[in-house]
Amino acid sequence: MRMKLLIVITLLFSFMAWTPEVAQAAVRHHRRRYRHSYVVRRRSKKKQAAIIGGSALVGAGVGAVAGGKKGAAVGAAVGGAGGTVYDVKTRKKKVYK
């Protein structure tokens, strides 16, 4: 009986000694090098005109409600300028592969 207990304890300690090595062998960390490439997508002239014209139209509508004909003219100018700024900032879009 005492011999069986000694064998069981010895086997238990031997498994405990093996476990970290096996666990370390199973989990390996590899460095991966990713090469990111990107494509610059440009906006078409038609879409640029739609953005600028649409924001000028919205600006004219807001200006007309706020100040009549003169307000519509000012609103159209401000809306067109805002649309142009937005278009210039967002026209080249980098898309990563």
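The protein chain contains 2 helices and 2 strands, and, when the sequence is followed from its beginning, these elements appear in the pattern α-β-α-β. The model described here is a predicted one. Among the contacts of the protein chain that link residues at least 6 apart in sequence, 71% join residues at least 24 apart.

The two strands are associated with each other: strand 1, which covers residues 38-42, pairs with strand 2 in the antiparallel sense, and the pairing extends over 5 bridges. Within this arrangement, Val-39 is placed opposite Val-95, a residue of strand 2. Strand 2 itself, made up of residues 92-96, is hardly covered, since the count of buried residues among its 5 residues is 0.

With regard to the protein chain as a whole, 12% of its 97 residues count as buried. The area that the protein chain exposes comes to about 9,000 Å², and 65% of this area is supplied by carbon and sulfur atoms.

A nonpolar patch on the surface is formed by Met-3, Leu-6, Ile-7 and Leu-11, which together have about 410 Å² of accessible area. One of these residues, Met-3, lies in helix 1, the helix that spans residues 2-26. Met-3 has a relative accessible area of 58%, and this residue is therefore classed as exposed, because the value is over the 50% that the term requires.

Key
Residues numbered from 1 in each chain as written. Predicted model: local features only at pLDDT ≥ 70, side-chain atom pairs only at ≥ 80, totals over all residues. Heavy atoms only, no water. Patch = residues over 30% accessible without salt bridge, like charges linked within 9 Å, V, L, I, M, F, W, Y side chains within 5 Å. Areas by Shrake-Rupley, 256 points an atom, 1.4 Å probe, with all protein chains shown as cover. Salt bridge = Lys/Arg side-chain N within 4 Å of Asp/Glu carboxyl O. Helix = DSSP H or I, 4+ residues; strand = E, 2+ residues; numbered from the N terminus. Buried < 20%, exposed > 50% of the residue type's maximum accessible area, 1.4 Å probe, protein only. Contact = heavy atoms within 4.5 Å. Pairing = 2+ DSSP bridges.
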